[in-house]
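Colleague: I would like to learn how labels such as "buried" or "salt bridge" are earned. Could you take me through a few of them?

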Amino acid sequence: RMFHDDELEESEKFYVGQPRVLLLIYALYNTLVARSEMVCYFVIILNHMISASMITLVLPILIFLWAMLSVPRPSKRFWMTAIVYTEVAIVIKYFFQFGFFPWNKHVDYTKDKPYHPPNIIGIEKKEGYVHYDLVQLLALFFHRSILKCHGLWDEDEKGDSSTNKEDTDDELSLAGGRRDSSASLKSVNLAASVESIHVHFPEQQTAIRRKSSSSISQLSHRSSFSSHRSKRGKYIFKNINHSTLSLYFLQCKFCVTKSHCGLCCFRTLQVYVPIRQFFYNLIHPDYSAVTDVYVLMFLADTVDFIIIVFGFWAFGKHSAAADITSSLSEDQVPEAFLVMVLIQFGTMVVDRALYLKKTVMGKVIFQVILVFGIHFWMFFILPGVTERKFSQNTVAQLWYFVKCVYFGLSAYQIRCGYPTRVLGNFLTKSYNYVNLFLFQGFRLVPFLTELRAVMDWVWTDTTLSLSSWICVEDIYAHIFILKCWRESEKRYPQPRGQKKKKVVKYGMGGMIIVLLICIVWFPLLFMSLIKSVAGITNKPLDVSITITLGGYQPIFTMSAQQNQLKSLDPNEFNEFLRSYRGNTAALQFLEGYAREDITRADLEGNSNSLWTISPPSRQKMIQGLRDFNADFTVVLSWTIQRYKNMKYLFLSFLSRILEEVYPYYIKAPSDSLAKPIKQLLRGMSPDYGKQYDCKWENITVSLVKNTSEEWWVLDQLGKRQKTSQESLELFIFSDKVSPPSLGFLAGYGIMGLYASVVLVIGKFVREFFSGISHSIMFEELPNVDRILKLCTDIFLVRETGELELEEDLYAKLIFLYRSPETMIKWTREKT
């Protein structure tokens, strides 16, 4: 071996011989060291999520708009800024913890107020106010030590010395370049207020790396040293910046004139010029390692979209107990949900447009607007809308963390640049079952395929019309699916002349059979199980009874509530069932009810209202009662009020005698009027051989008079609970109701489910089974490689700007599908 060291070999053997747990700890530590920069970012963001104040807001914004956009890595200036800022924040927080400040005297009253000034600034008094800041400072010092170990901490200073050494050589090269016919001056950039001349030297000069956009104050010093270390590139980019000289002249002039306004302009230019140069170098790099992380950004936005849908209540006022299904079932769209969904969807559309146009400048502007807008909304507007601090809103914290992941990916995309070519869908890069099923699932999402196709057509340079574009997309999707199936047939070949295996037949065929049977019988199974298995007991809240004689003033009104509505205990329920032994109809009815579904209402016999009737009406009613030849009706009505204020009313018109007028058992269904239960009323002969008509209970009615008041008293004769007081008993059998989450399906009923679910699904299934003969020439293609390559060629020439060639290839694709003979030649197996 060329390099041999006994100590290194002994060290390697010692390392390999360590326990696996220790090796895992070593690997985790090495991972921490390699990603110490990301650890610092994570701790800073976590500190801001928990503190949510203006003090901690500065560093996350600097991360997304400075550190993550720096090439090749954040400069020493950023890390020193972060360290010094964290130390100052710790001191400020410690200083404002003393109790002599006025706002620290009522901490318990103001700690949950989102717009309390100390809470917004971050100087409120609280326990553990500095814990996360200390962890943040520790992470920053750890990263600083890692950079020093690798010699990257003082890279900027070394770059300064190397740059100063090359200044004379650059000036000589510039003078020689002026005499050369191949002018070295390649670009001149004139700013609005400052002139910058960028001079490029020939490739024979010493190699430097691309202009560094990591340092805001030093325009191109760091790139010089980085180029010597990496040895990448064979040209020199030197920035002779006349703006610096202009600033020096302005400074001298301001010192002479002592103009306050001019001094302010000078200070402004000192801040503006480095920032402008930073973003200019970012948008116009000499070279860029293009990458494509749009898929990851789209997934982050999708996760945020899901968080909004299932946690929309966290973004609105007084909506902590809201349910999106109940709100939508009541045709009510919460404003917070609507605004969040539209904003999230709008950002996804804009991001797609920027990705298709491949404009880095637009992406930078969008990044700046989004970073400031999201932070301003999440930490200054949202707490006022929800009336709770951001640190107490878990869903908003989760949404913000995922959005920070998106910001990091977006910054990485800006720093590396967009890809020059975008070919097809990201799910069509390989041909296996995973890509096949994910792609088909992507196409099943309503309007997603259509929206993507139209957006791609709008923001992509092409000569094809919208219909031709959609035609190419459909052909490509169809050929990709066929390619996946052909690849699966190659991986799992079926020998010729052998029957299909039982695993395949029973696996695929059995699953389809079970699926079709479930679809056909889904409504019946759903409606039968929704109440018996998942049903919720819906006990009555109020039971009221009213009795009226002949349409006159009611003589009796009484209601039972709360303690007067009692459930049966196990002994009473068993005794109740034994009393109907032998009554087949009653037992069959009781099979559908459990003990908790039966409620006994105890109504007091005394009316809760006085009988106020005028003397003429009283005399007329007495005359009607004395006329035995005419019928005098007694109207008995009851009202059962259950959840959702469902009222049930039933009227009974009987003769003037009060025999068999009281329904002892009442059924309270979930969607119709309450009615007596005929199966449970006494009507069976002693030998249980014949069933009589339904017999109701008898009640006694008496009028009680006082000196100047009178009221009616009722008493039931055949009560199960033998009480000496006048009272009425009423047994209510409450049907179970469907859970609120499934109420929107149960509301359709059996016929509604058959019409809306089974028939619609059956239509699609029938089209799949009956339309095969019309698509044989497009489905049974043995080899689709040439067609797939033709579609890919169309995408490629479109990205390279060869629009005439795009038209020719599209015409070739259309001719191929119009000519069956050519299709057969193109799709033959290769021999």
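Colleague: Why is Asp-456 called buried?

Modeller: This is a predicted model, and in it Asp-456 has a relative accessible area of 5%. Buried means under 20%, so Asp-456 earns the label.

Colleague: What makes Asp-456 and Arg-352 a salt bridge?

Modeller: Their closest N and O atoms are 2.8 Å apart. The cut-off is within 4 Å, between a side-chain nitrogen of Lys or Arg and a carboxyl oxygen of Asp or Glu, so this pair qualifies. The two partners sit in distant parts of the chain, Asp-456 in helix α19 and Arg-352 in helix α15, 104 residues apart. As a general idea, side chains of opposite charge can pair when their charged atoms come close.

Colleague: Is Arg-352 buried or exposed?

Modeller: Arg-352 has 9% relative accessibility. That falls under the 20% limit, so Arg-352 counts as buried. Arg-352 and Asp-456 also belong to a network of salt bridges, together with Arg-452 and Glu-473.

Colleague: How many salt bridges does the structure hold?

Modeller: There are 16 salt bridges. One of them joins Asp-154 and Lys-76.

Colleague: How do you know that Asp-154 and Lys-76 form a salt bridge?

Modeller: Their closest N and O atoms are 3.4 Å apart, and the rule asks for within 4 Å, so the pair passes. Asp-154 lies in the loop between α8 (131-149) and α9 (155-179), while Lys-76 is in helix α5, so the pair ties together parts that are 78 residues apart in sequence.

Colleague: And why is Asp-154 called partly exposed?

Modeller: Asp-154 has 38% relative accessibility. Buried is under 20% and exposed is over 50%, with partly exposed in between, so Asp-154 gets the middle label.

Colleague: What makes Glu-806 and Arg-798 a salt bridge?

Modeller: Here the closest N and O atoms are 2.9 Å apart, and the limit is within 4 Å, so they count as a salt bridge. Both Glu-806 and Arg-798 are buried.

Colleague: Now for the cysteines. How many disulfides does the structure hold?

Modeller: It holds zero disulfides. Take Cys-471: its sulfur is 9.4 Å from the closest cysteine sulfur, in Cys-791. A disulfide needs the sulfur atoms within 2.5 Å, so these two are too far apart for a bond.

Colleague: Are Cys-416 and Cys-471 buried or partly exposed?

Modeller: Cys-416 has a relative accessible area of 10%, so it is buried. Cys-471 has 27%, so it is partly exposed.

Colleague: Why is Phe-447 called exposed?

Modeller: Its relative accessible area is 67%, and exposed means over 50%, so the label fits. Phe-447 lies in the loop between α18 (433-444) and α19 (448-458). Its phi is near 65°, a positive value in a residue other than glycine.

Colleague: Where does Lys-358 lie, and what is its phi?

Modeller: Lys-358 is in the loop between α15 (335-357) and α16 (360-386). Its phi is positive, about 55°, although Lys-358 is not a glycine. With a relative accessible area of 24%, Lys-358 is between the two limits and so partly exposed.

Colleague: One last thing: which residues gather in a patch of negative charge on the surface?

Modeller: They are Asp-5, Asp-6, Glu-7 and Glu-10. Asp and Glu count as negative, so the word fits this patch.

How values were computed. Residues are numbered from 1 along each chain as its sequence is written. This is a predicted model: local features need pLDDT of at least 70, side-chain atom pairs count only at pLDDT 80 or more; totals for chains, interfaces and linings use all residues. Side-chain values use heavy atoms; hydrogens and water are left out. Patches are made of residues with over 30% relative accessible area and no salt bridge: like charges are joined within 9 Å, nonpolar side chains (Val, Leu, Ile, Met, Phe, Trp, Tyr) within 5 Å. Accessible areas come from the Shrake-Rupley method with a 1.4 Å probe; for residues, only the protein chains shown count as cover. The place of a charge is taken as NZ of Lys, CZ of Arg, CG of Asp or CD of Glu. Helices (H or I, at least four residues) and strands (E, at least two) are DSSP runs, numbered from the N terminus. Buried means under 20% relative accessible area, exposed over 50%, partly exposed in between (1.4 Å probe, protein chains only).
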